[in-house]
Structures are given as structure tokens and as C-alpha cells.
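Me: Could you take a close look at one part of this model for me? I'd like to hear about the nonpolar patch on the surface.

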Amino acid sequence: MNAPRLANIARTALVPRRGFGSTTPGLPQVRVPLGEKLAHGLVIFCGVLTYPVWVLSHMKEYKGQA
């Protein structure tokens, strides 16, 4: 066997293979409705802000002035 072929075999052996699907660049296959995008965005927005709002609303307790 020649060196380029061995290198190719070694490289493909190290790459994990997935049993289903593939990722290809281009337009999405399924369009996500606007309502679903808004709902997910709202959930993420609220989830990110929940902890800081909790901390700011309980600042007196953290400072020991409760």
C-alpha cells in the first residue's frame, strides 16, 4: 500500500460517523413557523433573565438588611 492511501484510511478511521442524516449547507428543509420562533425566543429570554431579576429583587437579603 502506498502512503497517501494509508493516510486516507487512517484519517477516515479517526472521524466519528453518524448513523443518520448529514449536515449540508443551504436553505433549511423545514420552515419553522413564526409563532414557534416567538415562543422559543420568549422562553429563552425569560430563562436568561430570571436569575438576575431574582438576585436584584433580593438584594437586601444578600446585604443582610432583611
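Reply: Sure! The patch is formed by L42, I44, F45, V48, L49 and V53, which together expose about 600 Å² of accessible area. Accessible areas here come from the Shrake-Rupley method with a 1.4 Å probe, and for residues only the protein chains shown count as cover. To join a patch, a residue needs over 30% relative accessible area and no salt bridge (a side-chain nitrogen of Lys or Arg within 4 Å of a carboxyl oxygen of Asp or Glu); nonpolar side chains (Val, Leu, Ile, Met, Phe, Trp, Tyr) are joined within 5 Å, like charges within 9 Å.

Keep in mind that this is a predicted model: local features need pLDDT (the predictor's confidence in each residue, from 0 to 100) of at least 70, side-chain atom pairs count only at 80 or more, and totals for chains, interfaces and linings use all residues. Residues are numbered from 1 along each chain as its sequence is written, and side-chain values use heavy atoms, leaving out hydrogens and water.

Now pick out I44, which sits in helix α2. Its relative accessibility is 55%, so I44 counts as exposed (over 50%; buried is under 20%, partly exposed in between). Helices are DSSP runs of H or I with at least four residues, strands are E runs of at least two, and both are numbered from the N terminus. Helix α2 covers residues 34-57 and has the highest mean pLDDT among the elements, 96.

UniProt's unreviewed entry annotates residues 38-56 as "transmembrane region", though such annotations may be inferred rather than shown by experiment. That span is 100% helix, with its end C-alpha atoms 27 Å apart. Across the 66 residues of the chain, 2% count as buried.

Key: Buried < 20%, exposed > 50% of the residue type's maximum accessible area, 1.4 Å probe, protein only.
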